[in-house]
Amino acid sequence: MSSIGTGYDLSASQFSPDGRVFQIDYASKAVEKSGTVVGLRGKDSVVLAVEKIVTSTLYEADAGARIFTIDKNIGLAIAGLLADGRYIVDIARQEAANYRQQFERTIPLKHLTERISAYVHAYTLYSAVRPFGVSVLLSAWDEDQGPQLYKIEPSGSSFGYFACASGKAKQQAKTEMEKFNYTEMSTTDLVQNSGKIIYQVHDELKDKDFRYEMSLVGKETDGLHRINPAPWHSMAIEAGEAFKNEDDSDNEI
């Protein structure tokens, strides 16, 4: 990359001879260094799950959270640079508050995604700024649209998903997701699957300690976005640990 991109990676507004913007590639690399984040969209709910890598035992348990509530029924999870992600969270909350003030209702998730996507994309157009080193997963549920799940890339492109993942084990998580049809899956099965995926893709050799974080929004939560809700949080951890122990015992044989 260095030989091809020499002189073309100093600005986000410059294309390389082969049509690439290297600053966006570098932002994507920052996302790939992050802990894995997955989103699963079921029949009546959406689950966001995070592999939060513990880089120091001196941190408090809730330090470095990667799941946030944007509005009462909208959740957001980030993979990548935490500081960049918090800035995106602030922008998302401002957009949601402006929409509520103007229309006296919660912003539809599709509209919010489009507004954040446009903002993220704007940071890939000018040499005075750099792209955000984050990938964003957004979840919501309402009576009209049901469960919704969107993902925004560092380039500003966004898509709706039945299941998606970001972070260092994105491809491995995606392989596991493709084995199931989540559209008709109950909330309990959805939560347990999220725990299994996060525990399965966690690399114990590189990152020994991690905390499982999750959020749930759907009929089971009365349409409210809940972070680490009981008993769903403990249910996901139990399912993940049981799956991991079973997998380890099979490998020993």
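How many residues does the hairpin that joins β5 to β6 run through? The views below come from a predicted model.

**View 1. The β5–β6 hairpin.** The hairpin between β5 and β6 runs through 3 residues. Strand β6 spans residues 146-152 and is antiparallel to β5, with 7 bridges joining the two. Within this pair, Ser139 of β5 faces Leu149 of β6 as its opposite residue.

**View 2. Strand β5 and its pairing with β4.** Strand β5 covers residues 134-142, and 8 of its 9 residues are buried, so the strand is largely enclosed by the rest of the structure. Strand β4, residues 74-80, pairs with β5 in the antiparallel sense over 7 bridges. Gly80 is found opposite Val134 of β5.

**View 3. The largest nonpolar core.** This core holds 23 residues, and those with the most contacts inside it are Val38, Ala173, Met177, Tyr182, Ile197, Tyr212 and Met214. At least two core residues come from each of β1 (37-41), β2 (45-53), α5 (170-177), α6 (187-201), β9 (210-218) and α7 (232-252). Helix α6 gives the most, with 6 residues.

**View 4. Surroundings of Ala173.** Leaving aside residues up to four places away in sequence, Ala173 touches Thr36, Val38, Ala165, Ile197 and Val201. Another core, of 22 residues, lies apart from the one that includes Ala173; among its members are Leu109, Phe132, Val134 and Val136.

**View 5. Residues 8-30.** An unreviewed UniProt entry places the feature "domain: Proteasome alpha-type subunits" at residues 8-30. Over residues 8-30 the chain is 39% helix and 0% strand. The end C-alpha atoms of this stretch are 19 Å apart.

How values were computed: Residues are numbered from 1 along each chain as its sequence is written. This is a predicted model: local features need pLDDT of at least 70, side-chain atom pairs count only at pLDDT 80 or more; totals for chains, interfaces and linings use all residues. Side-chain values use heavy atoms; hydrogens and water are left out. Buried means under 20% relative accessible area, exposed over 50%, partly exposed in between (1.4 Å probe, protein chains only). Helices (H or I, at least four residues) and strands (E, at least two) are DSSP runs, numbered from the N terminus. Two strands pair if DSSP finds at least two bridges between them. UniProt positions are given in the numbering used here, feature names are shortened, and annotations may be inferred rather than shown by experiment. A nonpolar core is a set of buried Ala, Val, Leu, Ile, Met, Phe, Trp, Tyr and Cys residues joined through side-chain atoms within 4.5 Å. Contact means heavy atoms within 4.5 Å.
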